[in-house]
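Work through the following exercises with the model open beside the text. Each one sets a task and then solves it step by step.

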Amino acid sequence: MPDDEVSVRYMVDDVESAIGFYTSHLGFALGFSAAPAFAEIRRGNLRLLLSGPTSSAGRPMPDGRRPGPGGWNRIHLIVADVAAEVERLRAAGVGFRSDIVRGPGGAQIVLDDPSGNPIELFQPAGS
């Protein structure tokens, strides 16, 4: 793995659905698929590992808890025009957790993948 590559694992309910979502809506490319258990998709230096319930990452913890999707930790994708991206994604039926929030660093919005994992779209200030 190259030094500048970042890997993130997301637990998903359905690997094929997640592959379709990320590749059709967010510019990822499929690297490897072992669906329904696992897939690797890429965007730039980000390697996103999609792990389904039957993957090794989906096995129960010693205390019985099962890894699952959701939460608030998220990948952060830089976009040139957040409003245009929101319009495009809403037209495709993608759901959002919030409206666009603007601050001194830029504008952001959080959307969900099909399993409920959050993704932040961020437009830096001045761009």
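Contact, as used below, means heavy atoms within 4.5 Å, while helices (H or I, at least four residues) and strands (E, at least two) are DSSP runs numbered from the N terminus. The model is a predicted one, in which local features need pLDDT of at least 70 and side-chain atom pairs count only at pLDDT 80 or more, whereas totals for chains, interfaces and linings use all residues. Residues are numbered from 1 along each chain as its sequence is written, and side-chain values use heavy atoms, with hydrogens and water left out.

**Exercise 1. Determine which residues of helix 2 are buried, and what covers them.**

Step 1. Apply the accessibility classes: buried means under 20% relative accessible area, exposed over 50%, and partly exposed in between, with a 1.4 Å probe and protein chains only. In helix 2, which spans residues 82-91, Val-82, Val-86 and Leu-89 are buried.

Step 2. Look down the helix axis, taking the arc as that of the directions from the axis to the C-beta atoms. The buried residues of helix 2 fall within an arc of 75 degrees, so they line one face of the helix. Glu-87 and Ala-91 are exposed on the other side.

Step 3. Identify the cover: the elements over the buried residues of helix 2 include helix 1 (15-25), strand 7 and strand 8.

Step 4. Inspect the two ends, where a polar contact is a pair of N or O atoms within 3.5 Å; within protein, one must be able to donate a hydrogen and the other to accept it, and residues adjacent in sequence count only if both atoms are side-chain atoms. At the start of helix 2, a side-chain oxygen of Asp-81 comes to within 3.2 Å of the backbone nitrogen of Ala-83, and after the helix comes Gly-93, with a positive phi near 90 degrees.

**Exercise 2. Describe the open sheet and the placement of helix 1 on it.**

Step 1. Establish the strand order, given that two strands pair if DSSP finds at least two bridges between them. Four strands make up an open sheet in the order 1-4-3-2, with mixed pairing. Strand 1 and strand 2 (29-34) are at the edges with a single partner strand each, so one side of each has no neighbour in the sheet.

Step 2. Take the angles, for which axes are lines fitted to C-alpha atoms, for helices over the stretch in contact, and angles run from 0 to 180 degrees between N-to-C directions. With direction ignored, neighbouring strands of this sheet are turned by 20 degrees against each other on average.

Step 3. Examine one pair: strand 1 and strand 4 run parallel and are joined by six bridges, and Met-11 stands opposite Ser-51 in strand 4.

Step 4. Add the helix. Helix 1 lies across strand 1, strand 2, strand 3 and strand 4, and runs at about 155 degrees to strand 4; its buried residues are Val-15, Ala-18, Ile-19, Phe-21, Tyr-22 and His-25. Asp-14 caps the N-terminal end of helix 1, with a side-chain oxygen 3.1 Å from the backbone nitrogen of Glu-16, and just after the helix Gly-27 takes a positive phi of about 75 degrees.

**Exercise 3. Trace the network of salt bridges that includes Glu-5 and Arg-42.**

Step 1. Apply the criterion, a side-chain nitrogen of Lys or Arg within 4 Å of a carboxyl oxygen of Asp or Glu; the count comes to eight salt bridges.

Step 2. Take the first link, in which the side chains of Arg-42 and Glu-5 meet at 2.3 Å, N to O. Arg-42 lies in strand 3 (residues 38-43) and Glu-5 in the segment before strand 1 (6-11), so the pair ties together parts that are 37 residues apart in sequence. Arg-42 is partly exposed at 31% relative accessibility, whereas Glu-5 is buried at 14%.

Step 3. Add the salt bridge between Arg-47 and Glu-40, at 2.7 Å, N to O; both of these residues are buried. The network links Glu-5, Glu-40, Arg-42 and Arg-47.

**Exercise 4. Locate Asn-117 and find which backbone atoms its side chain reaches.**

Step 1. Asn-117 is in the loop between strand 7 (106-112) and strand 8, and is buried at 2% relative accessibility.

Step 2. Its side chain reaches the backbone oxygen of Met-11 at 2.7 Å, and a polar atom of the Asn-117 side chain lies 2.9 Å from the backbone nitrogen of Gly-70.
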